[in-house]
Amino acid sequence: MLKKIFKEKMGSSNLGWLESRFHFSFAEYRNPDNINFGVLRVLNDDIVHPKSGFDTHPHHNMEIISYIIEGEITHKDSMGNEETLKKGEVQYLSAGNGIYHSEYNLHEAKDLRLLQIWIIPPTIGLPRLYGSQKFKKEQRENKLLNIVSSKDGNAPIKIHQDVNLYVSELEKGKSIDFKIDKNRQIYFTQIEGTSSLNSIKLNEGDAMEITKEEKLTILASSNSHFLFIEMPQA
């Protein structure tokens, strides 16, 4: 089953310094019928304007991945980590019993765009994790790049939950097939460009819930940048 989600139907917010599109109920967008998709609790498409950002704030019992689309993000946390990441790079943390962090766009003129992804951990009170990974464009160009997995998976970034995150930048006319194992489901977001998923077209910003399917065929209708999360079936 494929359920297309139009970006126009998602929640949105504009705080001046921050523009957000909410795939699930979050902050100003409150929708009790759209809380999560399996273990995926939050997917926010954020644009942070220059010289602004998220002040120090807490997280607990959540696994958080930030995928940088454009610009650069500067992170600082209560575990002593501090770094700046750029396009295509990934920051992750598993908050365990508690962590404080801040995230800023310190650039003088350029916007920061990122996907903020929250994954529900398999249990509470797990060990805290923090890390980042610097990927090159050629690693995701016309192929699937597995950026996040569980500790038993093959991705360079490993979190506690049983998920796989994949990204790709696919040239117009090229396609990729992905086999979906039994009792697994996928949430797909079209970051840039357009794709056809099993013949259903997604425009930039659209998403797709994919359940009870055996295979996903992704065809780039134009140059296409996308991310999807593969997880246990709810």
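**Exercise 1. A four-stranded sheet**

Four strands make up an open, antiparallel sheet with the order S5-S10-S7-S8; find its edges, its twist and the pairings around S10.

*Solution.* A word on the material before we start: this is a predicted model, in which local features need pLDDT of at least 70 and side-chain atom pairs count only at pLDDT 80 or more, while totals for chains, interfaces and linings use all residues. Residues are numbered from 1 along each chain as its sequence is written, and side-chain values use heavy atoms, with hydrogens and water left out.

Step 1: know the terms. Strands (E, at least two residues) and helices (H or I, at least four) are DSSP runs numbered from the N terminus. Two strands pair if DSSP finds at least two bridges between them.

Step 2: look for the ends. Strand S5 (52-59) and strand S8 (82-86) are the edge strands, since each pairs on one side only. From one strand to the next, the twist averages 20°; axes are lines fitted to C-alpha atoms (for helices over the stretch in contact), and angles between N-to-C directions run from 0 to 180 degrees.

Step 3: follow S10. Antiparallel to it runs S7 (residues 72-77), joined to S10 (residues 99-105) by four bridges. Within S10, Tyr104 stands opposite Thr74. S5 is also antiparallel to S10, with six bridges between them, and here Phe54 faces Glu103 of S10.

Step 4: ask about cover. Five of the seven residues of S10 are buried, leaving the strand mostly covered. Buried means under 20% relative accessible area, exposed means over 50%, and partly exposed lies in between (1.4 Å probe, protein chains only).

**Exercise 2. A seven-stranded sheet**

Which strands are the edge strands of the open sheet of seven strands?

*Solution.* Step 1: write down the order, S2-S3-S4-S11-S6-S9-S12, with antiparallel pairing.

Step 2: read off the ends. Strand S2 (11-14) and strand S12 (129-133) each pair on one side only and are the edge strands. Neighbouring strands of this sheet are turned by 15° against each other on average, direction ignored.

Step 3: inspect one pairing. Strand S6 (residues 63-70) and strand S11 (residues 112-119) run antiparallel and share seven bridges. Ile68 has Leu114 in S11 as its bridge partner.

**Exercise 3. Aromatic pairs around strand S17**

Classify the ring pairs Phe37–Tyr187 and Phe188–Phe226.

*Solution.* Step 1: set the rule. Rings of Phe, Tyr and Trp (its six-membered ring) pair if their centres lie within 6.5 Å; planes under 30 degrees apart count as stacked, over 60 as edge-to-face and the rest as tilted. This rule gives ten aromatic pairs.

Step 2: take Phe37 and Tyr187. Their ring centres are 5.7 Å apart and their planes stand at 50°, so this pair is tilted. Phe37 sits in the loop between strand S3 (18-22) and strand S4 (40-48), and Tyr187 in strand S17 (residues 184-192), so the pair ties together parts 150 residues apart in sequence. Both Phe37 and Tyr187 are buried.

Step 3: take Phe188 and Phe226. With 5.0 Å centre to centre and 25° between the planes, this pair is stacked. Phe188 belongs to strand S17 and Phe226 to strand S22 (residues 224-232), 38 residues apart. Phe188 has a relative accessible area of 0% and is buried; Phe226, also at 0%, counts as buried.

Step 4: join the rings. Tyr166, Phe178, Phe188, Phe226 and Phe228 are linked by ring pairs into a cluster.

**Exercise 4. One residue and the whole**

Is Thr189 buried or exposed, and which residues does it touch?

*Solution.* Step 1: locate Thr189 in strand S17. At 3% relative accessibility, Thr189 counts as buried.

Step 2: list the neighbours. Leaving out residues up to four places away in sequence, Thr189 touches His23, Leu43, Leu115, Asp206, Ala207, Phe226 and Leu227. Contact means heavy atoms within 4.5 Å.

Step 3: zoom out. The protein has one helix and 22 strands, and 53% of its 234 residues are buried. Among contacts with a separation of 6 or more, 71% come from residues 24 or more positions apart.
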